[in-house]
Amino acid sequence: MKLDRSTITASPQDNSRTRPRQKVGFVSLGCPKNLVDSEVMMGLLARAGAELTPRAEEADVIVVNTCSFIESAQQESVNTILEMAGHKNGGKAKKLVVAGCLVERFRDQIRKDIPEVDAVVGTGELENILVAAGVGAPHVPRNGSSSPLVVLNSRPEGHARAAQGRFSRESWEGAVADLPNYLYDDATPRVLATPAHRAYIKIAEGCDHPCTFCIIPQLRGQFRSRRFESVVAEAERLAHSGVREITLIGQDTTCYGEDFGLKDGLALLLEKLAGIDDLRWIRFLYAYPNKITGKLLDTIARHEKICSYMDVPLQHASPSALKRMKRGGGADVFLRSIAKMRRTVPDLTLRTSFIVGFPGETEKEFEELCDFVREAQFDWMGTFAYSDQEGAAAFGLEKKLPPREIERRRKHLMAIQRQISRKKKKALVGQEYDLLLEGESEDTDLLLEGRTARHAPEIDGKVFVNDFPEEITPQPGCFYRCQITEAHDYDLVAKIL
Ligand code: SF4
């Protein structure tokens with residue numbers, strides 16, 4: 001999300017009689033989980049009286065909420081900080097604040113190496129955005145504690161992994177030792193940066209898994225879930241304000257509730273949310289493969305409002321590569337699990353993602369992955385090129401692959417998927433679906449653009465609308481019955497009926 005997102009709006013309380021209201025501009029980088037953090041910080045700022053602006057050149061304070069997942073994300077974060085620093089050097093901005101994952105990784109270094117940065121705010125201290133932006137004091141929560149959402153429970157796996165050093169930042173120069181443990185709740189103000197008809201809800205934060213390529217646990221801390229009632233209350237409020245589609249997110253949504261002893265917590269939560277009248281589509285992302293229970297699948301199958309959509313990042317399919325990744329599983333296990341998903345949830349849309357070029361990935365392991373992709377026939381698939389992360393266990397592994405070879409493998413795998421996708425999209429031609437209209441196409445103003453339940457926001461292909469009955473004026477945020485008329489590799493064309 002860049003500053004020019006016209007959707008950033010707020011209705012702040014105006015408590016600025018004694019001093020002019022600060023104009024704050026936001027740049028949010030990275031994943032939807034980071035976007036929710038940005039929305040929370042914008043909500044806190046707006047409640048404290050700040051005015052949010054989508055234009056960097058108008059802002060008194062610019063906040064860059066960064067991503068630090070892989071090296072390219074770190075580079076993009078640094079480039080954006082430097083670009084925004086330009087508005088301080090000779091521009092209107094008086095303050096530049098850096099927030100998010102990059103702060104958890106390089107807190108001291110950011111301050112030292114980029115002198116334009118006035119303050120940093122880590123992922124565990126979102127309320128400090130008020131002091132950092134010079135807008136006010138941190139909000140004192142209802143129970144009077146300075147951190148209302150301190151984690152009281154954690155999963156036994158989390159304790160065990162902590163004892164094994166999974167969350168240690170010792171090798172990271174410039175990072176502080178304390179792990180984040182913040183988690184917002186339904187009483188925390190949020191300014192949605194998504195269109196008014198859809199929203200993300202973060203149901204959990206942090207991760208306890210041992211994946212050797214990943215530093216998210218060190219960046220985000222131990223897994224912790226939001227209270228069940230808090231998620232439901234937030235969903236009800238969003239639905240009341242006009243949101244029709246909710247996407248549940250977290251580093252691992254399928255562990256939801258385990259830290260407070262809830263079994264099948266995600267299934268129970270989905271079931272409860274499906275009872276909210278004004279919601280039309282509910283989905284969740286980031287399922288962990290061995291956490292997909294029969295009850296979860298039954299729940300998806302039973303409720304029309306819960307999209308028949310699963311996002312299960314598998315990362316690889318070769319058992320030996322998965323073992324080095326400390327993920328477990330393999331092609332056979334995954335194929336059985338996929339068959340069960342498709343059996344239980346008719347017309348399931350399945351998304352996954354893989355990492356290619358993991359240290360020591362042999363040609364044979366890569367071929368196993370290619371064969372698996374051909375057989376599994378995913379609807380959507382992403383492929384990441386492995387990138388070394390200091391602090392991740394894989395950093396110390398031998399047999400690193402040359403970047404050119406990693407890129408060759410990435411392209412090869414995506415070429416296989418492109419053919420699968422083309423065939424699958426072709427099979428949809430002539431079928432009818434409910435379409436949620438997003439508005440004018442971002443690619444051309446001659447077309448409209450929308451999504452069916454088979455398309456998660458922002459990550460999947462698009463449905464372009466090139467025809468609708470003369471008597472209607474299609475409105476963004478409304479649902480229309482449509483028929484698919486054309487298919488491309490990833491995108492579809494439809495007419496509104
Ligand atoms: S489950 Fe996801 S967030 Fe957690 S360690 Fe593995 S890759 Fe990272």
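This passage describes the ligand site, a second internal space and one covered strand in a predicted model.

The ligand occupies the largest pocket. Ten residues need not be treated alike here: the shell divides into seven nonpolar, one polar and two charged. Its members are R166, C207, H209, C211, F213, C214, I216, P217, Y288 and R327. The charged members are R166 and R327. H209 is the polar one.

Cavities were examined next. Rolling a probe the size of a water molecule over the atoms shows where empty space is left. The structure holds two cavities of 30 Å³ or more. The second largest cavity has about 70 Å³ of space. Its lining divides into five nonpolar, two polar and five charged residues. The charged residues are D37, K202, E205, R220 and R224. T123 and G124 are the polar ones. L126, P180, Y182, L183 and Y184 complete the lining as nonpolar residues.

Strand β12 spans residues 349–356, and eight of its eight residues are buried. In a regular strand the side chains alternate between the two faces of the sheet. Both faces of β12 are covered. T349, R351, S353 and I355 are buried on one side. L350, T352, F354 and V356 are buried on the other.

Strand β12 pairs with two strands, β11 and β13. Three bridges join β12 to β11 (residues 309–311), and the two run parallel. Six bridges join β12 to β13 (residues 380–385), also in parallel. R351 links the two pairings in this description: R351 stands opposite D311 of β11 and opposite W380 of β13. R351 is also among the buried residues of β12.

Note on methods
Residues numbered from 1 in each chain as written. Predicted model: local features only at pLDDT ≥ 70, side-chain atom pairs only at ≥ 80, totals over all residues. Heavy atoms only, no water. Near = heavy atom within 4 Å. 1 Å grid on protein atoms, 1.4 Å probe; cavity = no way out; pocket = protein on both sides within 12 Å on 5 of 7 lines; lining within 4 Å. Sits in = over half its atoms within 2 Å of the grid points. Nonpolar A, V, L, I, M, F, W, Y, C, P; charged D, E, K, R; others polar. Points joined across faces, edges and corners; volume = space filled by probe spheres on them. Buried < 20%, exposed > 50% of the residue type's maximum accessible area, 1.4 Å probe, protein only. Helix = DSSP H or I, 4+ residues; strand = E, 2+ residues; numbered from the N terminus. Pairing = 2+ DSSP bridges.
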